[in-house]
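Me: I would like to go through this model with you. May I put some short questions?

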Protein chains: 2
Amino acid sequence: MTGGTARRAPLSRDRVLGAAVALADSVGIEALSMRQLAQELGVVPMALYKHVANKDELVDGMVDVVLGEIDPAAPTADWRDAVRRRVLSAREVVVRHPWARKAIESRTRRTPTVLAYMDSLAGMFRAGGFSPDLTHHVMHALGNRMWGFSPELFEEPRDPSAPAPSPEQQEAMAAEFAERFPHILEIATAATSGDLSRVGGGCDEQFEFEFALDLMLDGFERLREQGWTSRRG
Amino acid sequence: MTGGTARRAPLSRDRVLGAAVALADSVGIEALSMRQLAQELGVVPMALYKHVANKDELVDGMVDVVLGEIDPAAPTADWRDAVRRRVLSAREVVVRHPWARKAIESRTRRTPTVLAYMDSLAGMFRAGGFSPDLTHHVMHALGNRMWGFSPELFEEPRDPSAPAPSPEQQEAMAAEFAERFPHILEIATAATSGDLSRVGGGCDEQFEFEFALDLMLDGFERLREQGWTSRRG
DNA sequence: TTGACAGGCGTACACCGTACACCTACGGTT
DNA sequence: AACCGTAGGTGTACGGTGTACGCCTGTCAA
């Protein structure tokens with residue numbers, strides 16, 4: 001009966017992964033469970049296991065999905081520009097999917113999609129005149145930054161439900177902090193251009209990311225120029 | 001009765017944390033559970049909660065313990081040397097406690113111990129002539145490498161229980177790999193000096209770490225020399 | 001002697017991933 | 001038309017997790 005109440009669309013690997021990505025987008029990766037995902041799909045938990053082997057493989061698949069959102073590599077004369085674009089494009093997708101950071105960090109299996117991305121990046125270095133040897137090391141040096149994220153040194157819980165400390169408590173804490181961690185306080189205030197009220201407010205992650213990325217790329221270029229090699233002689 | 005069968009030594013926060021570190025050392029962080037830890041201490045699970053608030057706080061404490069194993073900062077004329085020593089000392093302890101990598105990555109709360117370490121590092125940059133502004137950014141650029149580890153691009157499961165693929169299967173896989181990921185294959189063989197049989201064997205992590213660290217430190221020094229600042233004008 | 005309290009115990013709950021057996025509907029073969 | 005293999009959704013159950021809550025007991029100060 002085509003005109004009756006529409007039957008639930010059948011599951012498929014893609015539908016499962018898509019729903020998982022959407023769910024992780026809204027509740028985070030640590031709240032994503034097979035049971036909740038099943039419920040979201042109007043299905044019993046075990047039904048999922050007909051489409052993914054287990055939860056690990058599910059997360060692998062989710063990572064593949066978001067990696068698929070990275071802009072395909074565009075041909076560029078300049079290796080530096082090519083790498084930079086690619087990585088910043090990757091960054092855009094992990095910003096869209098904040099859980100991807102943890103997911104990628106925790107991943108141990110390298111899926112073909114992951115390998116393909118790394119391969120394309122390696123290819124850019126090679127095309128730019130990097131030796132296989134040097135390419136290898138700069139890929140390591142890039143590390144997780146190739147996926148468009150850097151570790152968050154300070155992640156603020158910013159828990160609004162927590163009871164706000166009284167002003168004098170705040171003052172006391174600030175005083176103790178200033179005594180024990182003067183340099184951190186100093187650079188934190190520098191980061192906010194001296195606006196003390198915004199000290200806890202987090203950093204400009206995009207700036208920090210590009211700063212570090214460019215620093216590395218500069219270093220890479222220098223090593224390439226001077227024909228760096230790991231073999232002594 | 002002092003001479004009778006010795007009563008179990010009473011629990012304490014330190015004893016709990018010490019046992020947790022030892023347990024994680026032997027079974028890994030993901031196998032560490034409150035129940036198992038309690039059993040190790042000859043105690044009922046809930047007894048632990050009299051000494052740590054919850055599991056998160058337990059892990060925070062464990063991280064603090066291992067950070068305590070880092071060599072105290074020694075006075076050095078050269079900022080570069082000071083930072084390098086400190087970070088490599090940190091690396092020694094995370095190599096001793098492999099689980100610390102994941103633990104630190106997953107941590108969100110910054111304990112005083114963590115802050116103290118970061119503060120001492122920041123202090124080294126400041127003493128070396130870095131502006132607060134620049135210090136801030138280089139700390140971000142250093143990222144998790146300040147804890148002595150870099151992300152593992154390829155972690156091999158190296159599962160010995162998995163059925164070994166037949167030689168022809170292996171050959172077929174290698175051929176497909178070579179076609180799809182030529183650059184990865186190329187740099188992997190470069191890493192083993194052309195010894196194809198060792199391609200899957202992993203990289204020299206220590207070398208990669210120092211390579212990346214020195215690359216960053218070089219970059220930092222250059223920025224310091226030229227009086228880099230994030231403010232335009 | 002008393003009574004507060006620190007610290008270990010036992011039970012119980014909600015949640016997790018997933019093994020296993022079952023059912024049911026569909027597509028191709030005879 | 002009868003059959004049957006199989007893909008895919010269901011239900012139940014098991015062993016694991018973190019931890020809330022109440023109890024009980026030994027220690028020590030008043």
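Me: How do the residues of the surface near DNA strand D divide into nonpolar, polar and charged?
Reply: This is a predicted model. In it, the surface near DNA strand D has nine nonpolar, three polar and five charged residues.

Me: Which residues come nearest to DNA strand D?
Reply: There are 17 residues around DNA strand D, and those that come nearest are A:K50, A:H51, B:R35, B:Y49 and B:K55.

Me: What does B:R35 approach with its side chain?
Reply: A polar atom in the side chain of B:R35 is 2.5 Å from a base nitrogen of DNA strand D.

Me: And which residues have a polar backbone atom by a phosphate oxygen of that strand?
Reply: A:L11 is one of them, with a polar backbone atom 3.0 Å from a phosphate oxygen of DNA strand D. B:K55 is another, and its polar backbone atom lies 2.9 Å from a phosphate oxygen of DNA strand D.

Me: What share of the strand D atoms within 4 Å of the protein belongs to sugar or phosphate?
Reply: The share is 42%, and the rest of those atoms of DNA strand D belong to bases.

Me: Turning to DNA strand C, which residues come nearest there?
Reply: Of the 17 residues around DNA strand C, the nearest are A:R35, A:Y49, A:K55, B:K50 and B:H51. By class, the surface near DNA strand C comprises nine nonpolar, three polar and five charged residues.

Me: What does the side chain of A:R35 approach?
Reply: An N or O atom in the side chain of A:R35 is 2.4 Å from a base nitrogen of DNA strand C.

Me: Which part of A:K55 is by a phosphate oxygen, side chain or backbone?
Reply: The side chain: one of its polar atoms lies 2.8 Å from a phosphate oxygen of DNA strand C. For A:M34, a backbone N or O atom is 2.9 Å from a phosphate oxygen of DNA strand C.

Me: How much of strand C within 4 Å of the protein is sugar or phosphate?
Reply: Of those atoms of DNA strand C, 47% belong to sugar or phosphate, and the rest to bases.

Me: A change of topic: at what angle do helices α8 and α9 of chain A pack?
Reply: Helix α8 (residues 167-180) and helix α9 (residues 182-191) of chain A pack at about 110°, with their axes 5 Å apart. The two helices, α8(A) and α9(A), are therefore roughly perpendicular to each other.

Me: Which residues make that contact?
Reply: From α8(A) they are A:F177, A:A178, A:E179 and A:R180, and from α9(A) they are A:P182, A:I184 and A:L185. The contact of α8(A) with α9(A) has five nonpolar residues, two charged residues and no polar ones.

Conventions: Residues are numbered from 1 along each chain as its sequence is written. Chains are lettered from A and ligands numbered from 1 in the order in which they are written. This is a predicted model: local features need pLDDT of at least 70, side-chain atom pairs count only at pLDDT 80 or more; totals for chains, interfaces and linings use all residues. Side-chain values use heavy atoms; hydrogens and water are left out. Axes are lines fitted to C-alpha atoms, for helices over the stretch in contact, and angles run from 0 to 180 degrees between N-to-C directions. Helices (H or I, at least four residues) and strands (E, at least two) are DSSP runs, numbered from the N terminus. Angles under 35 degrees count as roughly parallel, over 145 as roughly antiparallel, 65 to 115 as roughly perpendicular and the rest as oblique. Contact means heavy atoms within 4.5 Å. Ala, Val, Leu, Ile, Met, Phe, Trp, Tyr, Cys and Pro count as nonpolar, Asp, Glu, Lys and Arg as charged, and the others, Gly among them, as polar. A residue is near a molecule or strand if one of its heavy atoms lies within 4 Å of it. A polar contact is a pair of N or O atoms within 3.5 Å; within protein, one must be able to donate a hydrogen and the other to accept it, and residues adjacent in sequence count only if both atoms are side-chain atoms.
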